[in-house]
Amino acid sequence: MTRKPPSQKVNRLGLPMTEYKGLPSTLCKGCGHDAITSQIVKAFYESAIEPHRVAKMSGIGCSSKTPAYFLSTAHGFNAVHGRMPSVATGAVLGNRSLVTIGVSGDGDTASIGLGQFCHLLRRNVPMIYIIENNGVYGLTKGQFSATADKGAALKTGAINDLPPIDCCTLAIEMGCSYVARSFSGDPKQLVPLIQGALSHQGTAVIDVVSPCVTFNNREDSTKSYPWAKEHEELLHQIDFVPHFEPIEEVEYEEGESKDVEMPDGSVIRLRKLERGHDPSDRRSAMRILEDTRGKGELLTGLIYVDPQADNFFDLLNLGDRPLAQLGEEELRPGPEVLDEVMKSLM
């Protein structure tokens with residue numbers, strides 16, 4: 001007698017979670033980005049969104065490789081470094097019926113792509129924008145990015161002398177209507193934040209602290225990369241990526257803080273927003289971000305949301321039908337219609 005294989009658990013569309021997965025990750029073992037990918041898969045599965053209705057956008061960097069690791073049957077576009085927001089804006093305007101998610105890094109967002117990021121926010125383009133924030137350029141061997149803390153040290157021995165850009169503060173300042181922060185090792189918090197972003201009608205920014213286990217985990221040393229680079233005689237160029245265990249999951253209550261040890265032995269302190277925080281109060285959101293930053297804490301949770309804010313479609317008075325679904329006659333109405341438009345402008 002043969003046993004019947006156990007049936008797969010499915011969502012309300014009848015799809016198993018495997019339909020929401022992608023290719024195997026090629027990132028370093030223990031990378032926080034892989035944990036975020038898992039939560040994206042879970043959020044889309046639990047929200048029962050058909051994968052073919054999703055557009056995945058990215059720029060350049062370790063983070064921007066991750067769309068290949070989820071929703072393999074979705075649409076996807078890997079843009080130039082820092083230019084994902086403008087490409088995503090065009091895609092959203094072309095077909096507003098798609099659910100658009102962009103994945104970017106701190107370098108892709110806050111350095112070369114800062115201008116594009118700001119214009120995306122002020123336009124309130126309907127999309128989810130996840131920042132996988134590790135403070136370094138991991139794909140190009142670990143330089144500081146614009147979100148690195150002042151005084152932070154790299155395995156190269158370099159000390160960061162510049163103050164960081166806080167992506168959440170910037171997002172609120174630029175008019176973003178959904179701003180949240182989380183930690184890649186906190187799936188219980190991150191999944192609902194992504195699901196909340198899926199239901200939002202404007203730009204939803206989720207800044208996720210995602211440790212780089214390879215390039216941002218060593219104290220300064222005379223055996224650092226720059227020192228060795230300066231004194232060695234190169235025979236050939238080689239590299240070694242060590243293995244790390246994934247970061248442990250964390251659990252803590254609203255209003256409480258928790259210290260989390262990073263792979264290099266350093267500790268970050270997370271503080272979860274109190275249940276009484278009103279995320280619709282913009283001034284309160286800015287104040288609480290400033291207060292926690294002054295204490296050396298990393299505020300997590302839904303920081304600010306304005307569900308009534310006009311999105312990009314509202315601001316441009318666009319029709320309900322996506323441009324991609326209009327016929328040739330509607331897209332090319334003829335010279336008589338153009339004449340009427342010109343007369344209306346005179």
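Start at the end of helix α1 and select Ala 48, which follows α1 and has a positive phi, near 55°; helices (H or I, at least four residues) and strands (E, at least two) are DSSP runs here, numbered from the N terminus. The model is a predicted one, in which local features need pLDDT of at least 70 and side-chain atom pairs count only at pLDDT 80 or more, while totals for chains, interfaces and linings use all residues. Residues are numbered from 1 along each chain as its sequence is written, and side-chain values use heavy atoms, with hydrogens and water left out.

**Helix α1**

Now step back to α1 itself, residues 32-46, whose 15 residues reach 21 Å from the first C-alpha to the last, close to the 21 Å expected at 1.5 Å a residue (the expected span being 1.5 Å times one less than the number of residues). Colour its buried residues, among them His 33, Ile 36, Ile 40 and Phe 44, where buried means under 20% relative accessible area, exposed over 50%, and partly exposed in between, with a 1.4 Å probe and protein chains only. Show next the elements against which these buried residues pack, namely β1 (54-58), α2 (62-65), β3 (99-105), β4, α7 (187-198) and β8.

**Glu 132 in strand β4**

From α1, move to strand β4, where Glu 132 is found. What is the nearest side chain of opposite charge to the buried Glu 132? The nearest is Lys 65, 11 Å away, and Glu 132 has no salt bridge; a salt bridge is a side-chain nitrogen of Lys or Arg within 4 Å of a carboxyl oxygen of Asp or Glu, and for charge Lys and Arg count as positive and Asp and Glu as negative, with His and the chain ends not counted. The side chain of Glu 132 does make a polar contact with the side chain of His 33, at 3.5 Å (a pair of N or O atoms within 3.5 Å; within protein, one must be able to donate a hydrogen and the other to accept it, and residues adjacent in sequence count only if both atoms are side-chain atoms). Leaving aside neighbours within four places in sequence, the residues in contact with Glu 132 include His 33, Ile 36, Ser 63, Val 103, Asp 106 and Val 208, contact meaning heavy atoms within 4.5 Å.

**Helix α5**

Select α5, residues 114-123, in which Phe 117, Cys 118, Leu 120 and Leu 121 are buried. Looking down the axis of α5, one finds these buried residues within an arc of 160°, so they line one face of the helix; the arc is that of the directions from the helix axis to the C-beta atoms. Among the elements that cover them are α3 (84-94), α4 (106-110), β4 (127-133), α6 (167-173) and β8 (203-209). Just after α5, Asn 124 takes a positive phi of about 55°.

**A network of charged residues**

Which residues do salt bridges with shared partners join into one network? To see them, begin with Asp 166 and Arg 181, which form a salt bridge with their closest N and O atoms 2.7 Å apart. Asp 166 lies in the loop between β6 (143-144) and α6, and Arg 181 in strand β7 (residues 178-183), so the pair ties together parts that are 15 residues apart in sequence. Add Asp 207, whose side chain meets that of Arg 181 in a salt bridge at 3.0 Å, N to O. Because Arg 181 is in strand β7 and Asp 207 in strand β8, this pair ties together parts 26 residues apart in sequence. Both Arg 181 and Asp 207 are buried, and Asp 166 is buried too. Salt bridges that share partners thus join Asp 166, Arg 181 and Asp 207 into one network. By contrast, Glu 328 and Arg 332, which form a salt bridge at 3.6 Å between the closest N and O atoms, are both exposed.

**Loops**

In the loop between α2 and β2 (75-78), select Leu 71, which is not a glycine yet has a positive phi of about 50° and counts as buried at 0% relative accessibility. Then go to the loop between α10 and α11, where Asn 317 is found; its phi is also positive, near 55°, but Asn 317 is exposed, with a relative accessible area of 69%. Leu 318 lies in the loop between α10 (312-315) and α11 (328-331) and counts as partly exposed at 38% relative accessibility. Finish by showing Leu 93, which is 225 residues from Leu 318 in sequence and 9.0 Å away in space, C-alpha to C-alpha.
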